[in-house]
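Thank you all for making the time. Please have a look at the structure on the screen while I talk, and I will keep to a few residues.

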Amino acid sequence: MSSYVGNVTIGSNTYPVGSTLYGTCATAAVTPAKVVLLPSFDQLLKGVTIHVKFTNTNTATSPTLDVNSTGAKQIMRYGSTPASSTIGTSWSAGAIISFTYDGTYWVMNDITTTDHV
């Protein structure tokens, strides 16, 4: 019995269901507009989850994610309110953080231990 359930198409790209979308971000720590490079990602869909490895720590206030030029969206932590400071939306250099797009924001799914104020 196979656990494979099929594919999902996002824009012009097809992914196996359950595949991991992994990208990287080398934006400077102080720059709020974080640019993510994620191969073959070309459309924001509500509910999509991505994993991003950050080269740098985040020290910017009100950070946003722009994944493959799909538009900068503010980061929200745990579905509460948009992040207006770095507390709760900070990460260390080398961290891999999971985000889910809720149709408006990139919701940060992971707990981080580095809070920069």
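I will begin with the nonpolar core and then turn to individual residues.

A word of caution: this is a predicted model, in which local features need pLDDT of at least 70 and side-chain atom pairs count only at pLDDT 80 or more, while totals for chains, interfaces and linings use all residues. Residues are numbered from 1 along each chain as its sequence is written, and side-chain values use heavy atoms, with hydrogens and water left out.

The largest nonpolar core, meaning a set of buried Ala, Val, Leu, Ile, Met, Phe, Trp, Tyr and Cys residues joined through side-chain atoms within 4.5 Å, has 21 residues, and F41, I50, F54, W91, F99 and W106 touch the most other members. Two or more residues each come from strand 5 (49–54), strand 6 (64–67), strand 8 (96–101) and strand 9 (106–108), where strands are DSSP runs of E, at least two residues, numbered from the N terminus.

Leaving aside residues up to four places away in sequence, F99 touches, among others, I50, F54, W91 and W106, contact being heavy atoms within 4.5 Å.

T100 is placed in strand 8, and its side chain makes a polar contact with the side chain of T49 at 2.7 Å; such a contact is a pair of N or O atoms within 3.5 Å, and within protein one must be able to donate a hydrogen and the other to accept it, with residues adjacent in sequence counting only if both atoms are side-chain atoms.

Finally, V67 in strand 6 has a relative accessible area of 0%, so V67 is buried, the cut-off being under 20% with a 1.4 Å probe and protein chains only. Not counting residues up to four places away in sequence, V67 touches V36, L38, F41, I50 and W106.

Note on methods:
Buried < 20%, exposed > 50% of the residue type's maximum accessible area, 1.4 Å probe, protein only. Helix = DSSP H or I, 4+ residues; strand = E, 2+ residues; numbered from the N terminus.
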